[in-house]
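Subject: The structure, plus notes

Hi,

Here is the structure I said I would pass on. Have a look first, and my notes follow underneath.

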Amino acid sequence: MRNYIFCLICFGMLLFAGCGSKEIIVPEFDEQNAMRLLVKLVSFGPRYSGTAANLRQAEFIAETARKYGAETKSIKFKHNTTEGLLQFVNIEVVIPGKRKDFVIIGSHFDTKKMPAGIKFEGANDGASSTAVLLELIKTIKASGIQPEYTLKFVFFDGEECFNEYGANDGLFGSKHYARQLNSQNLVSQCRAVIILDMIGDKDLNVTLPLDSDKQLCEMLFKAADKSGTRKYFDYLPTILLDDHTPFKEMGIPVIDIIDFEFGPKNSFWHSSEDNIKNISAKSLKIIGQTTLNLLFSINFAKKT
């Protein structure tokens, strides 16, 4: 009788545990593959918008995402710039979720056009976030886990300005994509926009601009807690113009995950020091795993 009662108790405990909410096991981010992708992106050389190298890089991004099994589309458009009429291309990669409402995860892949004589790899400013997005796609597709919300990974062309940010200079890709959302009546379905930018610095110190959505910031901090990486994330004491801006102007909750202190006093930014030797696979891992934790949250339903 005692054995029978013991078995009943054990069965009840198992039944109770099984009735609880299932915690999604977040897949593991592979920083070594992300680093390999980064090196490949840098190998295209100077790849500012309108160049053949930029278009070859865009083709590589699209081909790689397709290889990972994701729905991929190239969105080509032309725009007048201070350099004349240029060809741009955004790459959209979609992973369908349980809901049609979607979250955008964005990165720019173009690099800054530098004066002659400056060797600029753009390993951090362009390649680091682009490599992380590609590895996020690979990781999620390989896991077989369907996310709660549809995920749209968008690789933006033309984030960098040629002279000075303005109506016809800079943020070309994100502005174009935001206009498309509006014209297709998809703004209300977009639950959040998450931008990654300059996240490969060995001395990682992510500072979220003050115009990032507070709820998304809190979600990111909780996601970082799960990874044990919370110390790498804080606030920037000002707003920042970046690819999140066009979406914020449309009323969509946004967050800009950026380390805007690359080298001492940001001295590596837009310089020859933006190269592979100053990039860390560990930093790619911190951002990649924390972003995965954020994406597998189910809290995007509530807008602030």
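Strands S3 (residues 99–108) and S4 run parallel to each other, paired over 8 bridges. This is a predicted model, by the way, so please read everything below in that light. To find the S3/S4 pairing on screen, go to Ile105, whose bridge partner in S4 is Phe153. The connection between the two strands goes through helix H4 (residues 123–143), and S3, H4 and S4 together make a right-handed β-α-β unit.

S4 has a second neighbour. Strand S2 (residues 84–95) pairs with S4 as well, this time in the antiparallel sense and over 5 bridges. Here Glu92 is the residue to look for, with Val154 as its bridge partner in S4. And how many residues of S4 (residues 149–156) are buried? The count is 8 of 8, so call this strand mostly covered, given that buried means under 20% relative accessible area.

Now the charged pairs. There are 7 salt bridges in the structure, and three of them caught my eye.

- Glu31 and Lys285: the closest N and O atoms are 3.9 Å apart. Glu31 lies in helix H2 (residues 31–42) and Lys285 in helix H8 (residues 281–295), so this pair ties together parts that are 254 residues apart in sequence. Glu31 is partly exposed at 22% relative accessibility, while Lys285 is buried at 19%. Glu28 comes in too: Glu28, Glu31 and Lys285 are linked in a network of salt bridges.

- Glu92 and Lys73: this is the Glu92 that partners Val154, and its side chain meets that of Lys73 in a salt bridge at 3.7 Å, N to O. The pair links S2, where Glu92 sits, to strand S1 (residues 71–81), where Lys73 sits, 19 residues apart. Glu92 counts as buried at 11% relative accessibility, whereas Lys73 is partly exposed with 44%.

- Arg99 and Glu148: their side chains meet at 3.0 Å, N to O. Arg99 belongs to S3 and Glu148 to the loop between H4 and S4, with their positions 49 residues apart in the chain. Both ends are partly exposed, Arg99 with a relative accessible area of 36% and Glu148 with 21%.

Last topic: empty space. Rolling a probe the size of a water molecule over the atoms shows where empty space is left. Searching the whole structure this way turns up 2 cavities of 30 Å³ or more. What lines the second largest cavity? The residues are Tyr48, Ser49, Asp110, Thr111, Lys112, Lys113, Glu160, Cys161 and Phe162. Sorted by class, that lining has 3 nonpolar, 2 polar and 4 charged residues, around a space of about 30 Å³.

The second largest pocket has a volume of about 150 Å³. Its lining is made up of 14 residues, and the ones nearest its centre are Glu159, Tyr165, Leu241, Phe260 and Trp269. By class, the pocket lining has 7 nonpolar, 2 polar and 5 charged residues.

If you want a route through the model, begin at Ile105 and Phe153 for the parallel pairing, cross to Val154 and Glu92 for the antiparallel one, and then follow Glu92 out to Lys73.

Cheers

Conventions
Residues numbered from 1 in each chain as written. Predicted model: local features only at pLDDT ≥ 70, side-chain atom pairs only at ≥ 80, totals over all residues. Heavy atoms only, no water. 1 Å grid on protein atoms, 1.4 Å probe; cavity = no way out; pocket = protein on both sides within 12 Å on 5 of 7 lines; lining within 4 Å. Points joined across faces, edges and corners; volume = space filled by probe spheres on them. Nonpolar A, V, L, I, M, F, W, Y, C, P; charged D, E, K, R; others polar. Buried < 20%, exposed > 50% of the residue type's maximum accessible area, 1.4 Å probe, protein only. Helix = DSSP H or I, 4+ residues; strand = E, 2+ residues; numbered from the N terminus. Pairing = 2+ DSSP bridges. Right-handed = clockwise from strand over helix to strand, strands pointing away. Salt bridge = Lys/Arg side-chain N within 4 Å of Asp/Glu carboxyl O.
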